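Student: I have a structure to look at and many new words to match to it. Could you help me see where the words come from?

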Amino acid sequence: MKDTANANCRELLDVLIAHGIRDIVASPGSRNTPLLIGASVRDELKTHLVNDERTAGFIALGMAISRQRPVALICTSGTALYNYAPAIAEAYYQRIPLIVISADRPSQWIDQDDSQTLHQYEALDKIMKRSYDISAETGMSVKCRNKEYATEREWYVNRIANEAVLISMQNPPGPVHINMQFAEPLNGLVEYEKRSGRIIRVIKNNNGLPPHQLKEISEYLLSKRIMVVAGYMPPDDKLNSALAEFTKLKNVTLLCETISNIHLDGNPYMIDSLLVDMNEDERASMAPDIIISIGGALVSRMLKEYLRSADRAEHWTLSDTPLSVDCFQRLSTHLDVAPARFFKGISGMCRHLLRKGYDKPIPDYREQWALARKKSKAKQRKQLKNSGWSEYTALAEIFKTIPLSYNLFLSNGTCVRYAQLLMDRLPHACYSNRGVSGIDGTNATAAGISNSYNGTTLLLTGDVSFGYCTEILNRKITEGDLRIVVINNSGGGIFRFIKTTRELEQREEYFCSAPHLPIEGIAHAYERPYMKVRNAGELRSGIEFLYSTPHSIIEIEVEPTQSAETLIEILTPRNNNRNV
């Protein structure tokens with residue numbers, strides 16, 4: 001086999017392999033020829049080719065989310081790198097590791113009216129953890145004292161590659177950028193020689209809190225009403241187990257968003273349904289003394305506003321949250337301890353203290369919230385029974401029937417919000433792009449997750465979101481079993497119920513902006529099995545078709561105004577005036 005003659009590429013790719021990176025999402029080009037040649041001859045790397053760089057960025061994001069390890073991106077010079085920006089922003093705020101490798105022209109040709117040449121180094125620096133620039137100059141011919149390398153240039157590229165991978169995975173994880181300048185010729189070849197790149201290891205200190213701190217914190221917490229709030233995060237069996245023990249304490253309640261991937265009994269989900277059913281006095285009486293938040297940003301505006309108004313509450317964060325995050329405006333304590341280790345240590349110490357005769361009153365907070373959940377669930381069953389055909393009733397049936405082995409990806413807009421209202425059980429894993437909450441990468445991120453999962457992934461999206469990145473329906477790009485439910489509510493349904501836009505004369509034309517997307521035609525063009533659903537009777541057949549047919553798409557058509565009115569009614573808090 002013939003490898004690229006570019007030694008910088010060879011060194012970089014060998015280091016990626018040595019660090020366990022196995023997937024590269026690449027887009028064709030000329031300037032990135034050395035990278036593509038090098039990737040193609042290394043059996044350890046699987047290269048996924050995607051023509052459109054914006055789609056490629058989101059596919060890599062989805063793969064990294066699902067695999068919980070870095071995925072590399074390779075693009076050519078010019079505007080290609082800038083097309084990664086939406087996906088990189090999402091990765092940065094969702095704290096997902098990506099290794100972005102861009103091919104560039106030699107620096108002396110920037111701003112010289114040369115083709116496909118612009119400023120690439122640090123171009124996306126505000127949404128990168130770190131950026132690196134590797135010159136095209138062979139230079140640095142000084143003999144390296146480490147005999148593993150002939151020159152300091154080889155050692156330098158190895159160091160940069162190691163640093164980039166380690167920084168991407170360092171807590172909190174995120175994207176890094178390696179800009180590589182290439183001079184002609186780009187297609188030089190040498191014999192392929194299999195070698196292992198030198199890697200720099202990081203040994204993490206996973207020790208939890210020392211015993212005296214565990215005791216001090218546990219004694220303080222046992223007398224407080226504790227609310228654990230979980231935002232988006234990947235599945236974590238150790239955290240699941242630790243939270244299961246911690247939430248057995250009678251003074252603890254747990255509010256989990258659907259994309260938290262916390263799988264526990266007791267229905268800790270359906271947060272918005274729960275809060276909207278409480279009047280102001282009930283919400284005040286059930287406010288916590290201490291909020292312990294884990295995971296990323298919350299979807300629920302109701303929960304954020306509720307906790308910001310909890311006047312007596314302290315807010316504690318753990319090592320999965322950056323120090324600067326004070327979402328509830330009452331941050332008091334940051335503990336640099338992994339959530340699973342924190343909850344395991346504290347629950348064990350609390351039980352030890354109780355066995356030893358802890359003598360202060362312990363609030364019965366868990367039961368208080370359990371009763372509220374039971375009441376809210378009964379009300380919801382009645383609402384669904386009495387409601388006509390709408391997004392609300394259609395999605396309630398979808399969520400109720402999703403097989404537990406599925407991955408679920410929720411688009412932004414209304415889909416992820418309906419999950420907050422209706423999901424009382426989670427499938428295998430549940431995801432959404434909630435780092436910066438854009439709709440443009442929904443399809444592609446779901447495709448990346450599907451490619452990384454040995455099972456079925458279900459994408460739940462709206463007609464506007466579905467219009468982006470339809471090329472992922474190509475089986476060459478999406479290799480996994482990705483099935484799709486499109487809610488066709490004639491445009492951006494969210495604008496029909498949020499108070500900012502719902503009364504505007506321009507609402508339909510300028511905000512909802514129905515795309516009139518030929519969903520059936522798109523499905524047939526990509527040879528995807530398709531069915532249209534227009535009412536509750538057809539929905540039963542549609543669900544059966546969806547779950548029995550690989551790669552299928554069902555389009556659920558609803559009346560937009562009725563759906564918005566139903567949602568407004570459901571989300572109007574008691575003692576309030578339709579202030580959704």
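Below, a student and a tutor go through some descriptive terms and check each against its value.

Tutor: Happy to help! Keep in mind that this is a predicted model, so every value we discuss is computed from it.

Student: Let me start with two helices. Why are α13 and α14 called oblique to each other?

Tutor: Look at the angle. The axes of α13, residues 365-386, and α14, residues 391-401, cross at roughly 120°. Roughly perpendicular covers 65 to 115 degrees and roughly antiparallel begins over 145. The angle fits neither class, so α13 and α14 are oblique.

Student: How do you know that α13 and α14 meet, and which residues do so?

Tutor: The two axes come within 10 Å of each other. Contact means heavy atoms within 4.5 Å, and by that test Q380, Q383 and L384 of α13 meet Y392, T393 and A396 of α14. Sorted by class, the residues of this contact are three nonpolar, three polar and no charged. The crossing of α13 past α14 is left-handed.

Student: What values describe the crossing of α1 and α6?

Tutor: The axes of α1, residues 7-18, and α6 come within 9 Å and cross at roughly 35°, and this crossing is right-handed. From α1, the contact uses A7, N8, E11, L12, V15 and L16, while α6 brings R153, E154, V157, N158, A161, N162 and V165. Here the classes are seven nonpolar, three polar and three charged residues.

Student: Next, burial. What makes I178 buried?

Tutor: Buried means under 20% relative accessible area. I178 has 1%, so I178 counts as buried. You can find I178 in strand β7. Setting aside neighbours within four places in sequence, I178 is in contact with L12, I99, V100, I101, S102, Y132, I134 and A164. Notice L12, which also belongs to the α1 side of the contact with α6.

Student: Why is L408 called buried too?

Tutor: Its relative accessibility is 0%, under the 20% limit, so L408 counts as buried. L408 sits in strand β14, residues 407-410. With neighbours up to four places away left out, L408 touches F399, I402, M423, P427, A429, C430, Y431, L458 and L460.

Student: Is T258, which lies in a loop, buried or exposed?

Tutor: T258 is in the loop between β10 and α9. With a relative accessible area of 1%, T258 is buried. Beyond its sequence neighbours, T258 touches L410, A419, Q420, M423, L426 and C430. M423 and C430 are also in contact with L408.

Student: Then what makes Q329 exposed?

Tutor: Exposed means over 50%, and Q329 is at 63%, so Q329 counts as exposed. The residue is in the loop between β12 and β13. Q329 also has a positive phi of about 60° although it is not a glycine.

Student: Why is S437 called partly exposed?

Tutor: The value for S437 is 28%, between the 20% and 50% limits, so S437 is partly exposed. S437 is in the loop between β15 and α16. Its phi is positive as well, about 65°, although S437 is not a glycine.

Student: How do you know that C256 is not in a disulfide?

Tutor: A disulfide needs cysteine sulfur atoms within 2.5 Å. The closest cysteine sulfur to that of C256 is in C430, 12 Å away, so the gap is too far for a bond. C512 is in no disulfide either, as its nearest cysteine sulfur, in C415, is 15 Å away. By this rule the count is zero disulfides. Both cysteines pass the burial test: C256 is buried at 1% and C512 is buried at 2%.

Student: One last topic: which peptide bond in the loop between α6 and β7 is cis?

Tutor: The bond from N171 to P172 is cis, with omega near -5°, and P172 lies in that loop. A cis bond also joins E184 and P185, with omega about -5°. P185 is in the loop between β7 and β8.

Key:
Residues are numbered from 1 along each chain as its sequence is written. This is a predicted model: local features need pLDDT of at least 70, side-chain atom pairs count only at pLDDT 80 or more; totals for chains, interfaces and linings use all residues. Side-chain values use heavy atoms; hydrogens and water are left out. Axes are lines fitted to C-alpha atoms, for helices over the stretch in contact, and angles run from 0 to 180 degrees between N-to-C directions. Helices (H or I, at least four residues) and strands (E, at least two) are DSSP runs, numbered from the N terminus. Angles under 35 degrees count as roughly parallel, over 145 as roughly antiparallel, 65 to 115 as roughly perpendicular and the rest as oblique. A crossing is left-handed if the near helix is turned anticlockwise from the far one by less than a right angle, and right-handed if clockwise. Ala, Val, Leu, Ile, Met, Phe, Trp, Tyr, Cys and Pro count as nonpolar, Asp, Glu, Lys and Arg as charged, and the others, Gly among them, as polar. Buried means under 20% relative accessible area, exposed over 50%, partly exposed in between (1.4 Å probe, protein chains only).
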